[in-house]
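Dear colleague,

Here is the structure I said I would pass on. My notes follow below it.

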Amino acid sequence: MTKPATNLTAEQLAALREQAERETSRFVDPRQLTRVEKFIAGRPAWVRAIIGHGVTVRTMTGVELTLLDLAATAEPNPPTPPREPAPWDPGYQPTDAERAIISRRQAAAAEWVALRNELPVDVTVEHNYTSHRHIDGYVQGVDHILLRDSLRLGRLYRPANEPLCFVPSNAHNLRHFGGPEDRVPTCKQCLGLAYRITGRGPSMALMGR
Ligand SMILES: [Zn+2]
């Protein structure tokens with residue numbers, strides 16, 4: 001059961017409303033407006049509980065303004081509404097957009113496990129931190145597939161500890177790797193070669209990212 005937004009009873013609220021109708025003058029007191037504006041900030045549920053619907057200081061009637069002022073005096077510390085659960089709280093319900101991101105991530109991770117298992121050598125995934133990539137437009141911040149052993153397949157040769165996309169002319173762009181990480185590769189060249197080597201049909205789960 002949800003906590004009520006106000007501890008004022010229906011009878012108390014009815015009495016306050018009567019009082020507000022009696023006491024509201026045609027002229028708005030700017031001090032009252034400021035006072036109410038300050039009090040209702042961050043308390044939309046309380047405002048709804050007091051006057052029956054949501055309003056802002058700009059849309060409320062004079063009676064509603066007086067009623068909120070009287071209610072604030074009668075209940076200077078309204079109950080704190082329960083906080084919406086944060087993503088790390090148990091019972092948090094992800095939004096549709098978050099759910100879509102999670103399932104895309106899971107599909108990519110599953111596809112990477114399947115692709116990696118079909119590769120003939122052990123590999124790790126590492127991030128390239130080489131800094132002079134801007135010189136020839138090298139893509140920044142991708143995760144490469146690094147070979148633990150050298151790989152020779154027909155005319156294709158790659159030395160150990162180099163990314164699958166390694167070619168000597170591009171070596172200066174592939175110097176500093178951050179060490180193995182539990183990540184899914186994002187380098188399209190590495191992935192393209194991995195798919196060619198395995199003969200596995202390229203999946204959008206990895207290539208479409
Ligand atoms: Zn690569």
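**Overall picture**

Of the 209 residues in the protein chain, buried residues make up 36%. Please bear in mind that this is a predicted model. The exposed surface of the protein chain comes to about 13,300 Å², and carbon and sulfur atoms supply 54% of it.

The protein chain has seven helices and four strands. Read from the N terminus, the order of the elements is α-α-α-α-α-β-β-β-β-α-α. The radius of gyration is 32 Å, well over the 17 Å that the globule rule gives for 209 residues, so the protein chain is more spread out than a compact globule. Along the principal axes, the C-alpha atoms fill a box of roughly 95 × 40 × 25 Å.

The domain assignment splits the protein chain into domain 1 (10-74) and domain 2 (96-207). Their C-alpha centres lie 62 Å apart. As for contacts with a separation of 6 or more, 63% of them are between residues 24 or more positions apart.

**The cores**

In soluble globular proteins, nonpolar side chains tend to be buried together. Here the largest nonpolar core has 23 residues, and the members that touch the most others are Trp112, Leu115, Val123, Ile145, Leu164 and Leu206. Two or more residues of this core come from each of helix H5 (96-118), strand S1 (123-127), strand S2 (143-147) and H6. H6 gives the largest share, five residues.

A separate core of 20 residues lies apart from the largest one; Leu13, Ala20, Val47 and Ala71 are among its members.

Val123 can serve as an example from the largest core. Beyond its neighbours within four places in sequence, Val123 is in contact with Trp112, Arg116, Ile145, Leu146, Leu147 and Arg148.

**Thr198 in H6**

Thr198 belongs to helix H6, which covers residues 188-198. The side chain of Thr198 reaches the backbone oxygen of Ala194 at 2.9 Å. A polar atom of the same side chain lies 3.2 Å from the backbone nitrogen of Arg200. With residues up to four places away in sequence not counted, Thr198 touches Leu115, Glu118 and Leu119.

**The loop between S4 and H6**

Two residues in this loop are worth a look. Pro163 sits between strand S4 (156-158) and H6. Is Pro163 buried or exposed? Pro163 is buried, with a relative accessible area of 0%. Not counting residues up to four places away in sequence, Pro163 touches His144, Ile145, Leu146, Arg158, Leu174, Phe177 and Cys190. The C-alpha atom of Pro163 is separated by 9.1 Å from that of Thr124, with the two positions 39 residues apart along the chain counted as their separation.

Asn161 is found in the loop between S4 and H6 as well. At 55% relative accessibility, Asn161 counts as exposed, whereas Pro163 is buried. The phi angle of Asn161 is near 65°, a positive value in a residue other than glycine.

**Asp69 in H4**

Asp69 is found in helix H4 (residues 62-74). What is the relative accessible area of Asp69? The value is 11%, and since buried means under 20%, Asp69 counts as buried. The side chain of Asp69 makes a polar contact of 3.0 Å with the side chain of Gln32. Gln32 also appears among the residues that Asp69 touches, together with Arg35 and Val36, when residues up to four places away in sequence are not counted.

**Asn77 between H4 and H5**

Asn77 is placed in the loop between H4 and H5. Asn77 is exposed, with a relative accessible area of 65%. Asn77 and Thr6 are 71 residues apart along the chain, and their C-alpha atoms are separated by 9.2 Å.

Those are my notes on the model.

Best regards

Technical notes: Residues are numbered from 1 along each chain as its sequence is written. This is a predicted model: local features need pLDDT of at least 70, side-chain atom pairs count only at pLDDT 80 or more; totals for chains, interfaces and linings use all residues. Side-chain values use heavy atoms; hydrogens and water are left out. A polar contact is a pair of N or O atoms within 3.5 Å; within protein, one must be able to donate a hydrogen and the other to accept it, and residues adjacent in sequence count only if both atoms are side-chain atoms. Contact means heavy atoms within 4.5 Å. Domain bounds come from an automatic or database domain assignment. The radius of gyration is taken over C-alpha atoms; the globule rule is 2.2 Å times the number of residues to the power 0.38. Buried means under 20% relative accessible area, exposed over 50%, partly exposed in between (1.4 Å probe, protein chains only). Accessible areas come from the Shrake-Rupley method with a 1.4 Å probe; for residues, only the protein chains shown count as cover. A nonpolar core is a set of buried Ala, Val, Leu, Ile, Met, Phe, Trp, Tyr and Cys residues joined through side-chain atoms within 4.5 Å.
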